[in-house]
Amino acid sequence: PIIVDAKSGVSGAGRNPGTNNHFSEVNENVRPYNLGRHRHTAEMLQEFAAAGAPEPVWFSPHLVPMTRGILATCYVRTRNGVDQGAAQAAYRRRYEGSPFVRVLTDKLPETKATQGSNFCDVSVLAAPAERLVVAIAALDNLVKGASGQAIQCMNLMFGLKQEEGLWAPPLYP
């Protein structure tokens, strides 16, 4: 199976107030939620199948004490050992020309580096002896989430460059 272990800030829980979103409940706490039944699991299954990897997915989301951002660490077993160079080359090829995806090779993604921007930082680590690939991604779910996605789609619908209006730099370079 593909295992997706994600940490999400409180803004990912939506706008409706609830006991689980109160500062006193979230502060100094990390809590898993909707294990095995999260609404985004179906989307992951769909996209993995479309990419030719129709594997089962276990999505393990956690609420962390921050306002915005998502950090996902994804674990995939490979049939054959994949080395670090091949894994990084595959990522560079896949995201070449993607204006808002930054493939990091010298450091790991972190939410603060994407805060306030439409960027998604990704990196990949390979452990060939264990036949394991670990992919890590960080993004600001308030910008790169539905709002940034909506602007990119609108730009494409109106024949504009997809990045039009979305070039704000991260708040913390």
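**Group meeting: a walk through the sheet and its salt bridges**

Okay, let's start with one residue: D121 is buried, at a relative accessible area of 2%. Before I go on, keep in mind that this is a predicted model.

So who does D121 pair with? It forms a salt bridge with R102, and the closest N and O atoms sit 2.6 Å apart. R102 belongs to strand β5 and D121 to strand β6, so this pair links distant parts of the chain, 19 residues apart. Unlike its buried partner, R102 is partly exposed, with a relative accessible area of 27%.

Now let's zoom out to the sheet. There are 7 strands in an open sheet, and the order goes β2-β3-β1-β4-β7-β6-β5, with mixed pairing. Which strands stand at the edges? Those are β2 (31-32) and β5 (101-103); each has a single partner strand, so one side of each has no neighbour in the sheet.

Helices pack here too. Helix α2, residues 41-50, packs on the sheet and touches β1 and β3, its direction making about 140° with that of β3. Helix α3, residues 84-95, lies across β5, β6 and β7, and it runs at about 155° to β6.

Some pairings, then. β1 and β3 run parallel, joined by 7 bridges, and A6 stands opposite P61 in β3. β2 and β3 are antiparallel, with 2 bridges; there, P32 stands opposite H62. As for β3 itself, 6 of its 7 residues are buried. Moving along, β4 (residues 70-77) and β7 (residues 132-139) pair in the antiparallel sense over 8 bridges, with I70 opposite L139.

Just after that, have a look at T78, in the loop between β4 and α3. T78 is buried, at 15% relative accessible area. A polar atom of its side chain lies 2.5 Å from the backbone oxygen of N80. T78 also touches R131, L132 and V133, leaving out residues up to four places away in sequence.

Back to salt bridges: how many are there? The count comes to 3. You've met R102 with D121. Another is D140 with R68, closest N and O atoms 2.8 Å apart. D140 lies in the loop between β7 and α4, and R68 in the loop between β3 and β4, so the pair ties together parts 72 residues apart in sequence. Here D140 is buried, at 1%, while R68 is partly exposed, at 23%. And then there's K7 with D5, at 2.9 Å between the closest N and O atoms; K7 is partly exposed, at 24%.

That's my tour, thanks!

Notes:
Residues numbered from 1 in each chain as written. Predicted model: local features only at pLDDT ≥ 70, side-chain atom pairs only at ≥ 80, totals over all residues. Heavy atoms only, no water. Pairing = 2+ DSSP bridges. Helix = DSSP H or I, 4+ residues; strand = E, 2+ residues; numbered from the N terminus. Contact = heavy atoms within 4.5 Å. Axes fitted to C-alpha atoms, helices over the stretch in contact; angles between N-to-C directions. Buried < 20%, exposed > 50% of the residue type's maximum accessible area, 1.4 Å probe, protein only. Polar contact = N/O pair within 3.5 Å; in protein donor to acceptor, adjacent residues only side chain to side chain. Salt bridge = Lys/Arg side-chain N within 4 Å of Asp/Glu carboxyl O.
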